[in-house]
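The paragraphs below walk through one protein model, strand by strand and then pocket by pocket. Please keep the sequence and the 3D view open while reading.

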Amino acid sequence: MMHCDIYKFSKKDDLYVYIARPDYPNDTDEIRDWLSVLPKDFRQAIGRETFVMHLDLANTPRLARVNKAEVLEKLQSQGYFVQMPPEDVLLRQAKLNMAEAQQNKWQ
């Protein structure tokens, strides 16, 4: 049985982080920083978190954009899983960033 919390972040649209909660619901006696499992530089780069939902993966047949087995493996091995934006979103963001850089270059 694997429970996890899912968060989104202010600096990265369409990026979601799943945080393992292996002892849920018996892990709430003390207030903890669940995101402390993330590497510090990565956490700073993605901005402020917003809680999205809690998920019981044992009762979730499949996930929309990611492989459930891969999510479970990462949650068990490192305590978190990063769901990257789909390719089309990454491409759109790259084009916007490039256009913005070109515009700033001439100002």
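A starting point is I19, whose bridge partner in β4 is Y80. The model shown here is a predicted one. The pair I19 and Y80 belongs to the pairing of β2 with β4, two strands that run antiparallel and are joined by four bridges. Strand β4 covers residues 80-83, while β2 covers residues 12-20.

How are the strands ordered in the sheet? The order is β3-β1-β2-β4, in an open sheet of four strands with antiparallel pairing. The edge strands are β3 and β4, each of which pairs on one side only. On average, neighbouring strands of this sheet are turned by 20° against each other, direction ignored.

Strand β1, residues 3-9, has six of its seven residues buried, and it is therefore largely enclosed by the rest of the structure. Buried here means under 20% relative accessible area. One partner of β1 is β3, residues 49-56, and the two strands pair in the antiparallel sense over seven bridges. Within that pairing, Y7 has F51 of β3 as its bridge partner. The other pairing to follow is with β2, which runs antiparallel to β1 and is joined to it by six bridges. Here K8 stands opposite Y16 in β2. The connection between β1 and β2 is a hairpin, with two residues between the strands.

Two backbone details deserve a look. D14 is located in strand β2. Its phi is near 65°, a positive value in a residue other than glycine. Is D14 buried, partly exposed or exposed? D14 has a relative accessibility of 26%, so it counts as partly exposed. The second detail is the peptide bond between Y24 and P25, which is cis, with omega about 5°. P25 lies in the loop between β2 and α1, the latter spanning 40-46.

Next, the helix packed on the strands. Helix α2, residues 68-78, lies across β1, β2 and β4. The direction of α2 is at about 140° to β4.

The pockets come last. The largest pocket has a volume of about 190 Å³. Which residues line the largest pocket? The lining consists of I6, Y16, Y18, V52, M53, L55, L63, A64, R65 and Q83. The elements that give two or more residues to this lining are β2 and β3. The largest share, three residues, comes from β3. By class, the lining of the largest pocket divides into eight nonpolar residues, one polar and one charged. Y16, the residue opposite K8, is among the lining residues of this pocket.

The second largest pocket holds about 150 Å³ of space. Of the 11 residues that line the second largest pocket, K11, K12, D13, P85 and Q93 are the closest to its centre. At least two lining residues come from each of β2, α1 and α3, the last of these spanning 87-105. Strand β2 gives the most, with three residues. The lining of the second largest pocket has six nonpolar, two polar and three charged residues.

Strand β2 thus recurs along the whole route: β2 forms a hairpin with β1, is bridged to β4, has α2 lying across it, and supplies residues to the linings of the largest pocket and the second largest pocket.

Methods
Residues are numbered from 1 along each chain as its sequence is written. This is a predicted model: local features need pLDDT of at least 70, side-chain atom pairs count only at pLDDT 80 or more; totals for chains, interfaces and linings use all residues. Side-chain values use heavy atoms; hydrogens and water are left out. Buried means under 20% relative accessible area, exposed over 50%, partly exposed in between (1.4 Å probe, protein chains only). Two strands pair if DSSP finds at least two bridges between them. Axes are lines fitted to C-alpha atoms, for helices over the stretch in contact, and angles run from 0 to 180 degrees between N-to-C directions. Contact means heavy atoms within 4.5 Å. On a 1 Å grid over the protein atoms alone, a cavity is a set of points where a 1.4 Å probe fits but cannot get out, and a pocket is an open set with protein on both sides within 12 Å along at least five of seven lines; lining residues have an atom within 4 Å of a point. Grid points are joined across faces, edges and corners, and a volume is the space filled by probe spheres set on the points. Ala, Val, Leu, Ile, Met, Phe, Trp, Tyr, Cys and Pro count as nonpolar, Asp, Glu, Lys and Arg as charged, and the others, Gly among them, as polar.
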